[in-house]
Amino acid sequence: MPTYLLKSCSNELLPAMTNIVNCSLSESLVPSSFKQAIVRPLLKKPGLDREVFKNYRPLSNLPFLSKVLEKVVSSRLEHHIESNYLHENLQSAYRTRHSTETALLRVHHDIVSALDKNSCVVLLMLDLSAAFDVIDHKILLERLNYSSSLR
């Protein structure tokens, strides 16, 4: 069912949707229908050759209720992490009101502070944005299978 249709009937459907989400959480079970997605190819970057298959990444469209369940779990997990002070102090990823900008501001602050103290500063940066594009997936799977069999 299209999302816009569900949203337009949300008042009528909310009790049933709440029940489905609560049952999923209480049983620790995600219905198999929530895991079925429509996968479409999406060009990784504008301007890449559309004829080369490795220039695409898969884009998965999950069912609406699957996204609702994911949001509820995320919200509860975030609440647990924050209320129990489990976040790392300098973590910016996957946190509300934190971004690459806050991470860069922290790095800038640390560099300037060290330079003010006449300390030597070295900044090492790695770009891992396309790291998995160059990995031989067959070798990776073989190594993962091998390491898991050692346990």
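**Group meeting: helices, one pocket and three positive phi values**

I start with N55, which counts as buried because its relative accessible area is 14%, and the cut-off for buried is under 20%. This is a predicted model, and that applies to everything I say today. N55 sits in the loop between β1 and β2, the latter being residues 56–61. Leaving aside residues up to four places away in sequence, N55 touches L42, L43, K44, L48 and D49.

N55 also brings us to the largest pocket, since N55 is one of the residues that line it. The volume of that pocket is about 330 Å³. Two of the contacts of N55, K44 and L48, are in the lining as well. The rest of the lining is K45, K54, R57, S129, A130, A131, F132, D133 and H137. Sorted by class, the lining comes to five charged, four nonpolar and three polar residues. As background, rolling a probe the size of a water molecule over the atoms shows where empty space is left.

R57 gives a link from the pocket to strand β1. P41 is in β1, residues 38–43, and P41 touches Y56 and R57, again not counting residues up to four places away in sequence. Is P41 buried or exposed? P41 is exposed, because its relative accessible area is 62% and the cut-off for exposed is over 50%. For a sense of distance, take P41 and L5: they are 36 residues apart in sequence, and their C-alpha atoms are 25 Å apart in space.

Now the helices. Helix α2 covers residues 10–27, which is 18 residues. From first C-alpha to last, α2 reaches 24 Å, close to the 26 Å expected at 1.5 Å a residue. Where does α2 bend? The bend is at A16, by about 30 degrees. The buried residues in α2 are M17, V21 and S24. In general, an α-helix has 3.6 residues a turn, so residues three or four places apart point the same way. The cover over the buried residues of α2 includes α3, residues 64–83.

The cover also runs the other way: what covers the buried residues of α3 includes α2, along with α1, residues 3–8. In α3 the buried residues are F64, L65, S66, L69, E78 and I81. For the span of α3, 20 residues at 1.5 Å a residue should give 28 Å, and the end C-alpha atoms are 29 Å apart, so the two agree.

Last, the backbone angles. Most residues other than glycine have a negative phi, and most peptide bonds are trans. Here are three positive values of phi. S28, which follows α2, has a positive phi near 50 degrees. Y85 comes just after α3 and has a positive phi of about 50 degrees; Y85 is not a glycine. Y85 lies in the loop between α3 and α4, where α4 is residues 100–116. Y85 counts as exposed because its relative accessibility is 73%.

The third is N118, also not a glycine, with a positive phi of about 60 degrees. N118 is in the loop between α4 and α5, where α5 is residues 137–149. Why does N118 count as exposed? Its relative accessibility is 73%, and the cut-off for exposed is over 50%.

Key
Residues are numbered from 1 along each chain as its sequence is written. This is a predicted model: local features need pLDDT of at least 70, side-chain atom pairs count only at pLDDT 80 or more; totals for chains, interfaces and linings use all residues. Side-chain values use heavy atoms; hydrogens and water are left out. Helices (H or I, at least four residues) and strands (E, at least two) are DSSP runs, numbered from the N terminus. The expected span of a helix is 1.5 Å times one less than its number of residues. The bend at a residue is the angle between axes fitted to the seven residues ending there and the seven starting there. Buried means under 20% relative accessible area, exposed over 50%, partly exposed in between (1.4 Å probe, protein chains only). Contact means heavy atoms within 4.5 Å. On a 1 Å grid over the protein atoms alone, a cavity is a set of points where a 1.4 Å probe fits but cannot get out, and a pocket is an open set with protein on both sides within 12 Å along at least five of seven lines; lining residues have an atom within 4 Å of a point. Grid points are joined across faces, edges and corners, and a volume is the space filled by probe spheres set on the points. Ala, Val, Leu, Ile, Met, Phe, Trp, Tyr, Cys and Pro count as nonpolar, Asp, Glu, Lys and Arg as charged, and the others, Gly among them, as polar.
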